[in-house]
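Me: Please take a close look at the surface of this model, one part at a time, and follow it inward from there. Give the cut-offs as you go, and keep it to what can be computed from the atoms.

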Amino acid sequence: MAGTSGGRPSICPTVLYRDAKAAIRQLTEAFGFTELSVYEGEDGLVLHAELAQGNGAVMLGSKGRGGVFDAAMKDAGPAGVYVVVDDVDAHHRRAVEHGAEILMPPTDQDYGSRDYMARDAEGNIWSFGTYAPDIQG
């Protein structure tokens with residue numbers, strides 16, 4: 001298995017949006033992601049964007065911009081992404097303040113995590129919690 005260097009994540013979920021600019025606003029404002037880069041085409045569509053949360057990242061772009069990935073994702077349904085955060089309750093409050101649709105409030109889980117679940121404006125499910133897999137093996 002390939003490793004990473006320089007603090008780069010080895011897995012980055014990738015999501016396409018009808019309105020990628022609105023998705024970037026929601027992910028940064030409501031869910032606390034940090035915008036790393038946004039590349040737009042001449043038509044204003046987001047060709048590629050990278051947002052960070054902790055030591056992970058998500059990549060996203062606009063639907064309908066063409067290319068192999070866009071074609072492969074054409075009929076894909078919503079995605080589900082789990083993001084580790086230190087303070088679930090504070091993170092949840094921020095999401096609520098920015099009007100995010102909350103599907104499950106902060107809840108203590110039997111396996112020791114505290115999580116909440118939200119849906120973004122285009123139907124993707126974002127879970128935020130304290131559980132982080134130990135991949136050091």
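Reply: Y82, V84, Y111 and Y131 form a nonpolar surface patch of about 400 Å². A patch gathers residues with over 30% relative accessible area and no salt bridge, with nonpolar side chains (Val, Leu, Ile, Met, Phe, Trp, Tyr) joined within 5 Å and like charges within 9 Å. Accessible areas come from the Shrake-Rupley method with a 1.4 Å probe, and for residues only the protein chains shown count as cover. The model is predicted: local features need pLDDT of at least 70 and side-chain atom pairs pLDDT 80 or more, while totals for chains, interfaces and linings use all residues. Residues are numbered from 1 along each chain as its sequence is written, and side-chain values use heavy atoms, with hydrogens and water left out.

Within the patch, Y131 sits in the segment after β8. Helices (H or I, at least four residues) and strands (E, at least two) are DSSP runs, numbered from the N terminus. Y131 has 40% relative accessibility and therefore counts as partly exposed. The scale is this: buried is under 20% relative accessible area, exposed is over 50%, and partly exposed lies in between (1.4 Å probe, protein chains only).

Next come the charged pairs. Five salt bridges are found in a search of the whole structure, a salt bridge being a side-chain nitrogen of Lys or Arg within 4 Å of a carboxyl oxygen of Asp or Glu. One of them pairs K74 with D75 at 4.0 Å, N to O, and both K74 and D75 are exposed.

Another joins R114 to D89, with the closest N and O atoms 2.9 Å apart. R114 belongs to strand β7 and D89 to helix α3, so this pair ties together parts 25 residues apart in sequence. R114 is partly exposed, at a relative accessible area of 24%, and D89 is partly exposed as well, at 28%.

E101 and R119 also meet through their side chains in a salt bridge (3.2 Å, N to O). Here E101 is in strand β6 and R119 in strand β7, so the parts tied together are 18 residues apart in sequence. E101 is partly exposed at 39% relative accessibility, and R119 is partly exposed with a relative accessible area of 31%. D89, D108 and R114 are joined into one network by salt bridges that share partners.

Helix α3 also has a covered side. Across residues 88–97 of α3, the buried residues are V88, H91, H92 and A95. They span an arc of only 100 degrees around the axis, which puts them on the same side of α3; the arc is that of the directions from the helix axis to the C-beta atoms. An α-helix has 3.6 residues a turn, so residues three or four places apart point the same way. The cover over the buried residues of α3 includes β3 (46–53), β6 (101–108), β7 (114–119) and β8 (125–129).

The N-terminal end of α3 is capped by D87, which has a side-chain oxygen 3.3 Å from the backbone nitrogen of D89. A polar contact is a pair of N or O atoms within 3.5 Å; within protein, one must be able to donate a hydrogen and the other to accept it, and residues adjacent in sequence count only if both atoms are side-chain atoms. Just after α3, G99 has a positive phi of about 80 degrees.

Q26 is placed in helix α1 (residues 20–29) and counts as buried at 19% relative accessibility. A polar atom of the Q26 side chain lies 3.1 Å from the backbone nitrogen of A121. Apart from neighbours within four places in sequence, Q26 is in contact (heavy atoms within 4.5 Å) with F31, A100, R119, D120 and A121.

Two further residues complete the view. L47, in strand β3, is partly exposed with a relative accessible area of 40%. Not counting residues up to four places away in sequence, L47 touches Y39, E40, G41, G61 and R65. From L47 to A95 the C-alpha distance is 26 Å, with their positions 48 residues apart in sequence. M73 lies in the loop between α2 (68–72) and β5 (80–84) and is partly exposed at 25% relative accessibility. With residues up to four places away in sequence left out, M73 touches T14 and L16.
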